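Please walk through the model below with attention to how its sheet, its helices and its aromatic rings are arranged relative to one another.

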Amino acid sequence: MQRAFLSLRIAPVAALLFLLSACVSGVDYGPVPHGDYVAEPRCNPVGSHSGAMAGKEYFFATTRLPDCRTPAITLTNKRTDRMRFGRFAPRTTMMNARGKEQKVIPVAFEPETAWWDALSKKAGSDGRVLLYVHGYKERFPRTSRDTIQIARLTEFEGPVVLYTWPSHGSVLSYAVDEANMYWDERNFRRFLNKMAQQPWIKEIVLVSHSMGARLVLPAVDYVDRNSSSADSSNISNIILASPDIDRQEFERDIAEEVLSARRVNNDRRLTVYVSAKDRALETSRRIHGYPRLGTPYCFDPFRAAELRQQGYPERCYALEAIYDAPPAKKGMTIVDTTEVSDSNFGHSDFVQSAAVCADFKQVVKNGMRGATRNRVATHLDYVFRLQPVENARNSNLCMEEANPGE
């Protein structure tokens with residue numbers, strides 16, 4: 001009887017493990033030793049490579065393993081032996097070894113010192129840098145395209161930098177992406193710390209999407225705790241698009257330092273784009289059991305009932321019960337994009353919805369002061385909802401900038 005009972009208990013677990021093993025594969029190391037991918041000198045340049053940088057105006061830093069065995073360098077989804085620095089250009093067409101046309105992202109690496117020097121020259125006297133960190137399920141061709149779109153959409157005049165970590169680019173590799181993202185935490189926080197300490201950088205506009213927030217926020221917290229006020233005050237404009245991070249973890253462990261009075265008094269601002277239609281974050285909530293920062297899901301049923309009785313939508317946001325003072329005075333703004341989502345998935349509104357693109361553009365330019373007139377106040381003074389844009393040109397804003405170079 002006891003064995004029969006145990007078998008009944010174990011059977012569902014075994015079935016679940018079988019289904020997961022059938023749908024999700026582990027990391028395939030591949031038939032090629034990793035050292036062979038980077039044996040070509042282009043993967044580890046030591047001298048001046050100004051010719052290779054011609055036409056490549058977008059900067060990147062990566063912990064993806066590069067493949068330098070072919071004429072066009074590619075970035076794989078595997079972990080690298082160290083961080084590399086380089087530049088890229090929009091996607092173009094070239095002939096491969098078989099004489100057929102192939103779409104490629106022109107990529108070139110350069111020594112780290114030369115990379116920082118080139119970045120400082122691109123920034124000029126304004127000293128502004130935009131740093132973009134992508135999320136889960138992204139490969140380099142997609143992240144490079146998004147980086148170019150962000151640069152063109154926002155009309156950012158300084159250098160735009162992509163930090164690309166080894167996401168596997170697969171829907172079924174969520175757990176693998178989490179593992180790689182956490183593996184990369186130390187690399188990214190060191191990179192951000194070095195960027196914040198560059199004497200010529202006056203402002204870092206830090207943009208993250210989805211799981212990228214789990215790299216960005218702890219790294220900002222790390223830089224804050226390990227530097228003087230002057231060293232991290234240039235991380236002043238932080239934008240989280242659909243952040244896939246535990247909302248309660250953000251409230252308990254991160255917000256107090258990232259939005260401390262000292263940082264906010266030095267003009268730090270944090271803008272978070274959230275949506276109740278975000279299916280990706282709804283799935284993440286179901287996987288993790290708790291709401292994500294990027295969704296206004298009401299985890300507390302009593303709070304949901306209270307909002308319903310007051311005639312408000314059942315939407316709950318970060319920091320509602322944390323601070324005595326209004327969070328808006330502490331440097332945080334939440335923008336609810338539920339009503340203007342132009343996608344069925346609701347997870348990339350900042351580059352897909354016209355209203356969000358317009359708002360995002362202004363926030364990149366001016367921080368919290370860049371709010372568009374499409375924002376509508378809510379019962380919380382730091383939360384706004386977006387309405388649709390009013391004219392035809394704005395309605396095409398994202399479409400005009402989408403898929404640049406294609």
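**From a ring contact to the sheet**

The charged end of Arg189 is placed over the ring of Tyr222, at 4.7 Å from the centre of that ring. This is a feature of a predicted model, and the same kind of arrangement recurs elsewhere, where Arg375 lies over the face of Phe384 at 5.8 Å from the ring centre.

To place such details, it helps to begin with the whole chain, which has 16 helices and 13 strands. Of its 406 residues, 53% are buried. Among the contacts in the chain with a separation of 6 or more, 73% are accounted for by residues 24 or more positions apart.

In an open sheet, 11 strands follow one another in the order β5-β2-β1-β7-β6-β8-β9-β10-β11-β13-β12, with mixed pairing. The edges are taken by β5 (107-109) and β12 (375-377), each of which has a single partner strand, so one side of each is left without a neighbour in the sheet. Direction ignored, neighbouring strands of this sheet are turned by 30° against each other on average. In general, the strands of a sheet pair through backbone hydrogen bonds, and they do so either parallel or antiparallel.

At the β12 edge, this strand runs antiparallel to β13 (residues 383-386), and 3 bridges join the two. One of the residues involved is Val376, whose bridge partner in β13 is Arg385.

Strand β1 (58-67) gives a view of the sheet away from its edges. It is joined to β2 by 8 bridges, the two strands running antiparallel, and together they form a hairpin with 6 residues between them. Within this pairing, Pro66 stands opposite Leu75 in β2. To β7, by contrast, β1 runs parallel and is joined by 4 bridges, with Thr164 of β7 as the bridge partner of Thr62. How enclosed is β1 by the rest of the structure? Because 10 of its 10 residues are buried, the strand is largely enclosed. This holds for both of its faces: Tyr58, Phe60, Thr62, Arg64 and Pro66 point one way, Phe59, Ala61, Thr63, Leu65 and Asp67 point the other way, and all are buried.

Two helices can be placed against this part of the sheet. Helix α5 (residues 174-183) lies across β1 and β2 (74-88), and runs at about 60° to β2. Helix α6 (residues 185-196) also packs on the sheet, where it touches β1, β2, β6 (128-133), β7 (160-164) and β8 (203-209), and its direction makes about 170° with that of β6. In α6, the residues Phe188, Phe191, Leu192, Asn193, Met195 and Ala196 are buried. The length of α6 can be checked as well: at 1.5 Å a residue, its 12 residues should span 16 Å, and since its end C-alpha atoms are 16 Å apart, the two values agree.

The aromatic rings add another set of links, for the structure holds 18 aromatic pairs. One of them is the tilted pair of Phe60 and Phe140, with 5.8 Å from centre to centre and 55° between the planes. Phe60 lies in strand β1 and Phe140 in helix α4 (residues 140-154), so this pair ties together parts that are 80 residues apart in sequence. Both Phe60 and Phe140 are buried. A further tilted pair is formed by Phe85 and Trp115, at 5.0 Å centre to centre with 55° between the planes. This pair also links distant parts of the chain, since Phe85 is in strand β2 and Trp115 in helix α3 (residues 112-123), 30 residues apart. Phe85 counts as buried because its relative accessibility is 6%, and Trp115 counts as buried because its value is 0%. Ring pairs link Phe85 and Trp115 with Phe59, Trp116, Tyr163, Phe188 and Phe191 into a cluster.

Two loop residues deserve a separate look for their backbone angles. Lys137, placed in the loop between β6 and α4, has a phi near 60°, a positive value in a residue other than glycine. Its relative accessible area of 34% means that Lys137 is partly exposed. Asp267 lies in the loop between α10 (261-265) and β10 (269-274), and its phi, near 80°, is likewise positive in a residue other than glycine. At 32% relative accessibility, Asp267 counts as partly exposed.

Note on methods. Residues are numbered from 1 along each chain as its sequence is written. This is a predicted model: local features need pLDDT of at least 70, side-chain atom pairs count only at pLDDT 80 or more; totals for chains, interfaces and linings use all residues. Side-chain values use heavy atoms; hydrogens and water are left out. Two strands pair if DSSP finds at least two bridges between them. Axes are lines fitted to C-alpha atoms, for helices over the stretch in contact, and angles run from 0 to 180 degrees between N-to-C directions. Contact means heavy atoms within 4.5 Å. Buried means under 20% relative accessible area, exposed over 50%, partly exposed in between (1.4 Å probe, protein chains only). Rings of Phe, Tyr and Trp (its six-membered ring) pair if their centres lie within 6.5 Å; planes under 30 degrees apart count as stacked, over 60 as edge-to-face and the rest as tilted. A charge sits over a ring if NZ of Lys or CZ of Arg is within 6 Å of the ring centre and within 35 degrees of the ring normal. The expected span of a helix is 1.5 Å times one less than its number of residues.
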